[in-house]
Amino acid sequence: MKSFKIILSFISAGIIAASSSAAAFAESGFNIATPAEQALSASAYTPATVTLKSSYSCTTDAIRINWNKVSGASGYRIYRYNGKNWVKIATIKNGGATTYRDGGLSSGTLYRYKVKAYKKVNGANYWGSASKEFLASTKAKAVKITSTSKTADAVRLNWTKQTGNGYQVYQLKGGAWTKIATVRSMNTTTYRIGGLNPSTKYQFKVRAYRTDTKGKVNAGSFGSVSVTTKSNGFSAEVNEVLKLVNVERNKAGLKSLTLDAELCRAAQVRAKEINTHFSHTRPDGTSCFTVLDEFNISWSAVGENIAKGHMSPSEVVNAWMNSEGHRKNILSSGFGKLGVGYDSSTKAWVQLFTD
């Protein structure tokens, strides 16, 4: 009997010890679930995939990306592609965060990002899937116009080289800035603007730009300059007629005409001739265009406008524009050169056009 009691004591003690151990595991949060139950639990903790917003902001050295908040997330991790691998650049320990600014970047450069959300449970991080790749670019740096050169009818701009996709050239026209050219090579840092009027002040500005994959243009600040073209040696009246003619052509989407010295001399002869014989036939009975032979001017397309008695360039050009035949010459796409003759004593005006 005595030995039987001892055995019962050992059994009783074992039962008590086992009960005490189970209680200890439960209090400490020990996971005693089956493998299937553990997998189900981990899936429940995994946050949804981050969705990056299409809108972003940038400067020359930083990009701010934005995303939709993930419900239940404890925070987010930001990745940037370095050309070979995706590299972690930041961990945000705030589930309410929906934006991140990435600084210290190069100007005019395209960058690629991904974002993951995570949820912390009992000291463990459960990670969601990475977002779709998002591309954004920094702005190009400001352009500085370093020098200009000019003639009577053209200006050449030169500027500092920047990083990006290209450069945009603007000209002030009629009180509004108009883009006149896009240079699509970052190595090209010069541009010539032709078809200008002599002795005339023009304003230009240039900026570098970077375009992202969605077509957003992230342009830098402008470099600007004012340039006055050289004199061409012709009278103010002749130059003003050229200017007014080109205004009309530009409004019609046509290229500007350029003054030709020999053509102007021929037109000046015709201005004297129409004082005695107001016609497209010369006083000797030949065609008005025979005057071009006297100055060895070759042509394949030619036209003449004449007028008399108009007191100013604006008055005579307005009269020509209100006459069908004269307007046709002024707005012909087949002409590229203009000669203007003017007799101040009789207010006789002549235009000669050639290709």
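A contact here means heavy atoms within 4.5 Å. In this predicted model, residues 24 or more positions apart account for 63% of the contacts in the protein chain that have a separation of 6 or more. The chain has 7 helices and 20 strands, and of its 355 residues 36% count as buried. The chain exposes about 19,000 Å², of which carbon and sulfur atoms supply 51%.

**Packing of helices H3 and H6**

- Helix H3, covering residues 236–251, packs against helix H6, covering residues 313–321, at an angle of about 40°, and the two axes are 9 Å apart.
- Angles under 35 degrees count as roughly parallel and those from 65 to 115 as roughly perpendicular, and H3 and H6 are therefore classed as oblique to each other.
- The crossing in which H3 passes H6 is right-handed.
- On the H3 side the contact is made by Glu 237, Glu 240, Val 241, Leu 244 and Glu 248, which meet Pro 313, Ser 314, Val 317 and Met 321 in H6.

**Cys 264 in helix H4**

- Cys 264 is found in helix H4, which spans residues 261–273, and with a relative accessible area of 3% it is buried, because the limit for that class is under 20%.
- Leaving aside residues up to four places away in sequence, Cys 264 touches Phe 234, Val 238, Leu 259, Leu 338, Gly 339 and Val 340.
- One of these partners, Gly 339, is 75 residues from Cys 264 in sequence, yet the C-alpha atoms of the two residues are 3.9 Å apart in space.

**Strands S18 and S20**

- Strand S18, residues 302–308, has 6 of its 7 residues buried, so the strand is largely enclosed by the rest of the structure.
- S18 and strand S20, residues 348–354, run antiparallel and are joined by 7 bridges.
- Within this pairing, Lys 308 stands opposite Ala 348 in S20.

**Thr 178 in strand S12**

- Thr 178 is found in strand S12, which covers residues 176–183.
- The relative accessibility of Thr 178 is 31%, and the residue counts as partly exposed because this value falls between the 20% limit for buried and the 50% limit for exposed.
- When residues up to four places away in sequence are not counted, Thr 178 touches Val 169, Tyr 170, Gln 171 and Lys 173.
- Thr 178 and Phe 204 are 26 residues apart along the chain, and their C-alpha atoms are separated by 9.4 Å.

**Positive phi in two loop residues**

- Asn 122 is not a glycine, although its phi is positive at about 50°.
- Asn 122 lies in the loop that runs between strand S6 (110–121) and strand S7 (124–127), and its relative accessibility of 81% makes it count as exposed, because that class begins over 50%.
- Ser 199 also has a positive phi, near 50°, in a residue other than glycine.
- The loop that holds Ser 199 lies between strand S13 (190–193) and strand S14 (201–211), and Ser 199 is partly exposed, with a relative accessible area of 45%.

How values were computed:
Residues are numbered from 1 along each chain as its sequence is written. This is a predicted model: local features need pLDDT of at least 70, side-chain atom pairs count only at pLDDT 80 or more; totals for chains, interfaces and linings use all residues. Side-chain values use heavy atoms; hydrogens and water are left out. Helices (H or I, at least four residues) and strands (E, at least two) are DSSP runs, numbered from the N terminus. Buried means under 20% relative accessible area, exposed over 50%, partly exposed in between (1.4 Å probe, protein chains only). Accessible areas come from the Shrake-Rupley method with a 1.4 Å probe; for residues, only the protein chains shown count as cover. Two strands pair if DSSP finds at least two bridges between them. Axes are lines fitted to C-alpha atoms, for helices over the stretch in contact, and angles run from 0 to 180 degrees between N-to-C directions. Angles under 35 degrees count as roughly parallel, over 145 as roughly antiparallel, 65 to 115 as roughly perpendicular and the rest as oblique. A crossing is left-handed if the near helix is turned anticlockwise from the far one by less than a right angle, and right-handed if clockwise.
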